[in-house]
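Good morning. I should like to present the salt bridges of one structure and where their partners lie. Please look at the sequence and the model as they appear.

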Amino acid sequence: MTAQILNGLIVGSMYALVAIGFTLVLGVLDRLNFAHTEVFMFGAFAGLVAIDAGGIWWLALPFVFVVGGLFGMAVEFISFRRFEGDARITAALSSLAVGLVLIDLTQKVWGTEPVGMTIPGYVTTAGFELFGMRVVYVQLLILGVTLALMASLHLLVSRTRMGRNIRAVADSPAAASLLGIDVRRVTQDVFFVSSALAGVAGLLLAFRTGFANTDVGLTFGLKAIAIMAIGGMGDLRGAVVGGLLIGVLEALTFQFGVGKLGELVVWVTMILVLFVRPEGLFGGGVHVKDVRA
Amino acid sequence: MTAPVLETRSLSVAYGPIRALSGVSIRIAEGETVAVVGANGAGKTTLMKALSGLLPAQSGEIAFQGRSIKGRGPHDLARAGMLHVPEGRGTLGTLTVEENLRIAYDVRPARLGYDEATAAVFARFPRLADRRRQRASSMSGGEQQMLALARAIVNPPAMLLVDEPSLGLSPLMVKEAFNVLHEFRDRGTTMLVVEQNVRSALRLADRGYVLRQGEVIASGPAAELLADDQLLNRYLGTRTKEGA
Ligand SMILES: Nc1ncnc2c1ncn2[C@@H]1O[C@H](COP(=O)(O)OP(=O)(O)O)[C@@H](O)[C@H]1O
Ligand SMILES: [Mg+2]
């Protein structure tokens, strides 16, 4: 039982990492970036490139952070920059197409079958006992990296000049620009950070499963979008809490022998939460975004 | 006359097919306070937005400090010394009072250090000091207007544009807002003020322009416009008895 909860928290922390990036773009820029799930998917393949290049395996993490971030900036340029205001839906559809193209290109290069990822056995299989529960180092790695990234993001947004500018743009792009803030630059920053987190989450998932898989964007990644809705659209805290909650819920349904329900849990929870509380768990509370002009 | 800090020549601005400004030529000299007055919908806000780069000019010229600024974005102009306090104040409601000031301070290199600059703001507006760690949106409209005007204190601009500082404020706060603007003027701030509150604006200004349906229909020394009862009544719908 506790082992299942730990497992749930680990899966949930990866959900949260993907959801945070998605919700950040929405909360700050009022944009839905549907290529996000595929940047998450591609993170594992970018990691393969880094590891196969013969480097130290964990260097794949910063490499994927940067590659993911650059992908995000590319998506912003391709799908979002030309569309302002009312054309938001068009932009979202364009990003959806970019994501699907990314799946296809990845499959052209690596094939449709999952590709094995080799990282040292002392990470993937070795571990220790804790309160009668077996903890594998890769689980600690995933928790450690996701928590560190979430804490860093929190500090970035709340304490730095870049974060202040991000919140200013979330508040009102027009008012921010009159105060000398380059809204386009902030937009790029936000897409970079958002997608960098997704890329790292994708690599962490591959560390855990041992495979890079072109399906994960539409399975695992899409659930992160549901989690954003559950947590409250555009709310960072909501993404974290929602991710952990769904991770644990899924693990528990599995534990209680209703494993077949596993995939359904997140979608049913989303429907129920939104039915009862359309603004999501945290929506309407502390928020990165206010009513915009 | 000294070279103008800000000048437009035959400026036209449109919202799609709708012309909001036609052939507007105005100039604001160094240290001068200019008022643009006109009824609701005359094009005052449109003019301000075109000047600060929020709206593109359809035709005509805008020069800031002697150089054309057509096509330059608002953040770029803000960094170059333009401060546009927009209609509705443009304070960042989800940020704290202090963060609002910090962003206004950071816009361009300042003469004073940050602590000195904020001390000057808090000396003038003690209410803002009390509320420095609160969200700007938690303050009253009047306090938010003071926060917006405080931008001109925390890092003084080369050109201050103020759009309807009295909008939506209680009579007491309207008075207070104009007091602040009078102080700015006395300090030699180069300033363009747009107001529906015609008399207060003209009493503040050295010169004025009267805008009607997107065109300048009168201009001159503020005192002369203020004395022109016929103009005020016909185009601006102000009552003579309101003034002193
Ligand atoms: N975003 C907009 N789209 C279309 N027309 C607009 C827009 N904003 C203002 N207008 C029109 O432009 C004219 C001038 O408006 P505005 O500059 O706001 O006037 P003022 O500030 O003097 O009240 C008005 O007729 C108004 O309806
Ligand atoms: Mg107006």
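B:Arg27 is partly exposed, because its relative accessibility is 27%; buried means under 20% relative accessible area, exposed over 50%, and partly exposed in between, with a 1.4 Å probe and protein chains only. Its partner B:Glu7, at 19%, is buried. The two side chains form a salt bridge, 3.7 Å from N to O; the term requires a side-chain nitrogen of Lys or Arg within 4 Å of a carboxyl oxygen of Asp or Glu. B:Arg27 belongs to strand 3 (residues 27-29) and B:Glu7 to strand 1 (residues 4-15) of chain B, 20 residues apart. Helices (H or I, at least four residues) and strands (E, at least two) are DSSP runs, numbered from the N terminus.

This is a predicted model: local features need pLDDT, the predictor's confidence in each residue from 0 to 100, of at least 70, side-chain atom pairs count only at 80 or more, and totals for chains, interfaces and linings use all residues. Side-chain values use heavy atoms, without hydrogens and water, residues are numbered from 1 along each chain as its sequence is written, and chains are lettered from A and ligands numbered from 1 in the order written.

Which residue meets B:Lys44 in a salt bridge? The partner is B:Glu164, at 3.9 Å, N to O. B:Lys44 lies in helix 1 (residues 44-52) and B:Glu164 in the loop between strand 8 (159-163) and helix 7 (171-186) of chain B, so the pair ties together parts 120 residues apart in sequence. B:Lys44 is buried at 3%, and B:Glu164 is buried at 4%.
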